[in-house]
Amino acid sequence: MPDLDPKPGLAPQEHMLPAERVARVQPFIVMDVMNQAAAIERAGGSVVHMEVGQPSAPTPASIRGAAARALEHGRIGYTQALGTDSLRARIAKHYQDAYGVDVAAERVVVTTGSSGGFILAFLACFQPGARIAITAPGYPAYRNILIALGFEPVAIEVGPETRFALTPELIARAHREKPLAGVLTMSPANPTGVVMAPEAIAAVAAECRRLGLWYISDEIYHGLTYEQPATTALSADPDAIVVNSFSKYYCMTGWRVGWLIVPQRLVRTIERLQQNLSISVPYLSQVAGEAAFEATAECEAIKAGYAENRAYLLNALPEIGLGDFLPVDGAFYIYCDIGRYSNDSMAFCRDVLNEAGVAITPGLDFDEGRGARTARLSFAGSLGECEEAVSRLGGWLKRR
Ligand SMILES: Cc1ncc(COP(=O)(O)O)c(C=O)c1O
């Protein structure tokens with residue numbers, strides 16, 4: 001009989017370590033900050049939450065009502081792997097209504113939040129080891145999902161000279177160094193809040209096309225813009241893969257429902273993946289998603305609150321010595337330079353939390369290279385919370 005123990009003498013569990021590839025998956029630091037803030041609150045302390053990237057407003061009542069009626073109805077079963085026909089059709093219509101772009105319902109894939117959409121899109125498009133360009137600063141899960149799936153994120157540092165976005169030149173340079181297979185952009189962006197101009201998106205799309213790269217556009221913060229509306233990559237290139245979600249504008253983070261728009265030739269591949277990976281997206285969440293498109297008045301009222309918070313913070317933060325940030329075009333984040341106070345954003349945010357009672361997120365979550373000198377503040381809460389945060393932060397910065 002063959003010896004089944006590769007290292008005789010070790011207990012079986014000692015061979016059973018996590019896969020090496022996954023050891024490179026970093027924690028999502030903001031989730032750790034949330035845990036620390038919760039511990040302070042459990043111990044009776046008070047925390048103003050500016051760390052979380054989610055609306056503090058509840059899901060609009062009309063959306064919850066639609067889900068409640070479906071729940072009453074009884075049968076909560078699997079749906080088609082690509083999503084219910086009616087939700088896919090409603091999402092397709094949204095592209096006509098919001099952007100004047102024709103999208104066939106067959107190209108819509110309903111996903112478990114945009115997070116589920118990334119997994120499907122990455123698996124469908126890329127060979128093992130493929131290199132995908134992302135921005136630094138950028139949304140940390142891109143890097144970690146890519147690594148977890150066996151791909152190679154290529155973080156390209158972006159700065160004010162390109163309005164914190166990728167450009168054809170940056171993409172071409174990275175591709176020359178070692179070939180890329182894809183490019184992932186987001187607009188409005190997390191953590192910078194920057195919106196890419198239509199020409200900037202068109203230029204990236206054209207460069208991807210020229211180089212034969214997949215272009216994936218994360219549009220999860222669409223709807224949340226304060227100066228001018230965001231452009232969908234589909235208006236520049238019908239072959240772009242668009243990732244979107246009900247989480248942010250529609251205040252539905254916990255429902256875990258989003259969508260992809262993909263070229264027709266990927267639909268069957270993605271259907272096979274979804275059938276096997278999750279069978280389908282939760283039915284109730286799909287019902288809620290469909291109702292979300294009719295909740296515009298409620299969503300706009302919530303957005304008006306963010307706009308008020310934004311206007312307040314853009315004035316108030318410079319007055320307390322935190323004035324070095326980008327114009328906040330969209331989303332609900334302010335990405336601040338804290339370099340005059342600290343070059344260790346983890347320690348800075350820990351002290352702000354423990355001593356000032358304000359939870360903010362260290363820039364290292366978004367930029368491994370330069371994030372030691374930055375922090376992200378989310379203004380998805382109420383104006384009262386923003387005022388309280390400024391008062392606590394201002395006092396703390398003066399005292400230290
Ligand atoms: C840029 C960006 N993309 C995607 C996501 C994931 O969102 P969800 O999976 O809830 O759709 C987030 C969440 O914060 C985000 O900021």
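What follows is a chat between two people about a predicted model.

Colleague: Before we start, what are the ground rules for this predicted model?
Modeller: Local features need pLDDT of at least 70, side-chain atom pairs count only at pLDDT 80 or more, and totals for chains, interfaces and linings use all residues. Side-chain values use heavy atoms, with hydrogens and water left out, and residues are numbered from 1 along each chain as its sequence is written.

Colleague: Okay, helices. At roughly what angle do the axes of α4 and α10 cross?
Modeller: Helices here are DSSP runs of H or I with at least four residues, strands are E runs of at least two, and both are numbered from the N terminus. Axes are lines fitted to C-alpha atoms, for helices over the stretch in contact, with angles running from 0 to 180 degrees between N-to-C directions. Helix α4 covers residues 85–99 and helix α10 covers residues 283–292; their axes come within 9 Å, and the crossing is at roughly 30°.

Colleague: Why is α4 called roughly parallel to α10, not oblique?
Modeller: Angles under 35 degrees count as roughly parallel, over 145 as roughly antiparallel, 65 to 115 as roughly perpendicular and the rest as oblique. The two axes cross at roughly 30°, so α4 and α10 come out as roughly parallel.

Colleague: Which residues of α10 does α4 meet?
Modeller: Contact means heavy atoms within 4.5 Å. From α4, the residues involved are S86, L87 and R90, and their partners in α10 are Q286, G289 and E290.

Colleague: Where does T361 lie, and is this residue buried or exposed?
Modeller: T361 lies in strand β11, residues 361–362. Buried means under 20% relative accessible area, exposed over 50%, and partly exposed in between, using a 1.4 Å probe and protein chains only. T361 has 0% relative accessibility, so T361 counts as buried.

Colleague: Which residue's backbone oxygen lies 3.3 Å from a polar side-chain atom of T361?
Modeller: Leaving aside neighbours within four places in sequence, T361 is in contact with V30, E51, C349, F366, A375 and R376. The backbone oxygen lying 3.3 Å from a polar atom of the T361 side chain is that of E51.

Colleague: What is omega for the cis peptide bond between S187 and P188?
Modeller: P188 sits in the loop between β5 (182–186) and α8 (198–211). The bond joining S187 and P188 is cis, with omega about -10°.

Colleague: And where is P137, which follows A136 across a cis bond?
Modeller: The A136 to P137 peptide bond is cis, with omega near 5°. As for its place, P137 is in the loop between β3 (131–136) and α6 (140–148).

Colleague: C251 and R256 have positive phi; which of them counts as buried, which as partly exposed?
Modeller: C251, with phi near 55°, is in the loop between β7 (241–245) and β8 (258–261). R256 lies in the loop between β7 and β8, and its phi is about 55° although R256 is not a glycine. R256 has 33% relative accessibility and therefore counts as partly exposed; at 5%, the buried one is C251.

Colleague: Last one: how far is M186 from I201 in space?
Modeller: M186 lies in strand β5 and, at 8% relative accessibility, counts as buried. Not counting residues up to four places away in sequence, M186 touches T135, G138, Y139, Y142, M196 and D218. M186 and I201 are 15 residues apart in sequence, and their C-alpha to C-alpha distance is 9.7 Å.

Definitions and conventions:
Polar contact = N/O pair within 3.5 Å; in protein donor to acceptor, adjacent residues only side chain to side chain.
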